[in-house]
Amino acid sequence: MGFLEREPIMLDMPESFESSRLLIRAPRWNDGAIVHEAVKESIRELRPWMPWAKRLPTPEEAEISIRRSRLQFLDRSDLRLLLLMKDTGELVGSSGLHRIDWQARKFEIGYWVRTSYSGQGYITEAVDAITAFAARELQAGRIEIRCDSRNVRSAKVAERLGFSLEGVLRNDRCDVDGILRDTIVFSKIRGIEL
Ligand SMILES: CC(C)(COP(=O)(O)OP(=O)(O)OC[C@H]1O[C@@H](n2cnc3c(N)ncnc32)[C@H](O)[C@@H]1OP(=O)(O)O)[C@@H](O)C(=O)NCCC(=O)NCCS
């Protein structure tokens with residue numbers, strides 16, 4: 001049976017890969033502590049854009065989230081990926097391939113950076129490597145980046161990597177304060193940007 005016809009849980013894929021400075025890997029049991037540290041340091045920057053960061057999750061909540069993410073990685077329903085410095089093992093941020101449609105081979109990349117590592121190109125580097133991973137290992141047909149239209153730093157990651165701006169979804173969702181906001185949609189598709 002070809003890769004495209006297999007049940008997602010039967011798909012083989014590496015659990016980790018590298019970019020020039022980063023080790024990018026699936027979450028593991030007990031990663032919650034390093035994620036909690038990084039989120040604690042970054043909560044002010046995360047809060048406006050990440051619904052789960054409205055308040056600082058406890059260490060136990062971080063571990064629960066990591067364990068759920070690991071199980072989802074294993075059953076291929078969602079592929080969260082942690083970003084670690086190759087040399088020191090420090091957690092730089094988190095990313096992943098979400099809202100997966102295996103039939104259409106569509107993925108959405110999400111990301112956040114640990115504040116002490118922002119402004120150094122780590123997220124751009126990680127998103128580029130994850131895009132290549134999805135194209136190469138998962139035969140992606142479409143990779144999306146979606147962000148709040150006011151989230152300039154996030155949009156710049158997509159633009160810097162040559163994602164195409166497809167449009168603005170007006171009043172698409174509520175922001176963390178419950179106010180309606182617009183969503184910008186960027187993509188790369190197979191045969192054009194992939
Ligand atoms: C969105 C977010 C991840 C962007 O972080 P970032 O640090 O700007 O992104 P990068 O790591 O790619 O770094 C890019 C910056 O580093 C600079 N840079 C330095 N070295 C670089 C390199 N080798 N390659 C690319 N950029 C480099 C770039 O010029 C850019 O700075 P500028 O925007 O001032 O021009 C971060 O703002 C964040 O975590 N926000 C909160 C969560 C969030 O909004 N997530 C997205 C939801 S859609």
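**Exercise 1. Compare the span of helix 3 with the span expected for a helix, and list its buried residues.**

Step 1. Helix 3 has 16 residues and reaches 22 Å from its first C-alpha to its last. Helices here are DSSP runs of H or I with at least four residues, strands are runs of E with at least two, and both are numbered from the N terminus.

Step 2. The expected span is 1.5 Å times one less than the number of residues. For helix 3, the expected value is 22 Å, and the span is close to it.

Step 3. Buried means under 20% relative accessible area, exposed means over 50%, and partly exposed lies in between (1.4 Å probe, protein chains only). By this rule the buried residues of helix 3 are Tyr122, Ile123, Thr124, Glu125, Ala126, Val127, Ala129, Ile130, Thr131, Phe133 and Ala134.

Step 4. An α-helix has 3.6 residues a turn, so residues three or four places apart point the same way.

Step 5. After helix 3 comes Gln139, with a positive phi near 50°.

The model is predicted: local features need pLDDT of at least 70, side-chain atom pairs count only at pLDDT 80 or more, and totals for chains, interfaces and linings use all residues. Residues are numbered from 1 along each chain as its sequence is written, and side-chain values use heavy atoms, with hydrogens and water left out.

**Exercise 2. Describe the largest nonpolar core and find the element that supplies its largest share.**

Step 1. A nonpolar core is a set of buried Ala, Val, Leu, Ile, Met, Phe, Trp, Tyr and Cys residues joined through side-chain atoms within 4.5 Å. The largest one in this model has 39 residues.

Step 2. Ile24, Leu97, Val127 and Leu138 have the most contacts inside this core.

Step 3. At least two core residues come from each of strand 2 (22-25), strand 3 (79-85), strand 4 (91-101), strand 5, helix 3, strand 6, helix 4 and strand 8 (180-189).

Step 4. Helix 3 gives the largest share, eight residues.

Step 5. In soluble globular proteins, nonpolar side chains tend to be buried together.

**Exercise 3. Describe the surroundings of the ligand, from single contacts to the whole shell.**

Step 1. The ligand is surrounded by 21 residues, counted as near if a heavy atom lies within 4 Å. The closest are Tyr111, Gly119, Thr124, Asn151 and Arg153.

Step 2. A backbone N or O atom of Tyr122 lies 3.0 Å from a ligand oxygen atom, and a backbone N or O atom of Gln120 lies 3.3 Å from a ligand oxygen atom. Lys156 has a polar side-chain atom 3.0 Å from an oxygen atom of the ligand.

Step 3. On its own the ligand has 940 Å² of accessible area, of which the protein covers 73% (Shrake-Rupley method, 1.4 Å probe).

Step 4. Two or more shell residues come from each of helix 1 (32-46), strand 5 (106-113), helix 3 (122-137), strand 6 (142-148) and helix 4 (152-160). Helix 4 gives the most, with four residues.

Step 5. The shell divides into nine nonpolar, seven polar and five charged residues. In this count Ala, Val, Leu, Ile, Met, Phe, Trp, Tyr, Cys and Pro are nonpolar, Asp, Glu, Lys and Arg are charged, and the others, Gly among them, are polar.

**Exercise 4. Place Asp175 and Asp31, and name the side chain that each one contacts.**

Step 1. Asp175 is in the loop between strand 7 (164-174) and strand 8. With a relative accessible area of 14%, Asp175 is buried.

Step 2. The side chain of Asp175 makes a polar contact of 3.2 Å with the side chain of Arg150. A polar contact is a pair of N or O atoms within 3.5 Å; within protein, one must be able to donate a hydrogen and the other to accept it, and residues adjacent in sequence count only if both atoms are side-chain atoms.

Step 3. Asp31 is in the loop between strand 2 and helix 1. Its relative accessible area is 7%, so Asp31 is buried.

Step 4. The side chains of Asp31 and Arg25 are joined by a polar contact of 2.9 Å.

**Exercise 5. Give the phi values and places of Arg105 and Asn171.**

Step 1. Most residues other than glycine have a negative phi.

Step 2. Arg105 has a positive phi, near 55°. Arg105 lies in the loop between strand 4 and strand 5 and is buried at 7% relative accessible area.

Step 3. Asn171, also not a glycine, has a positive phi of about 50°. Asn171 is in strand 7.
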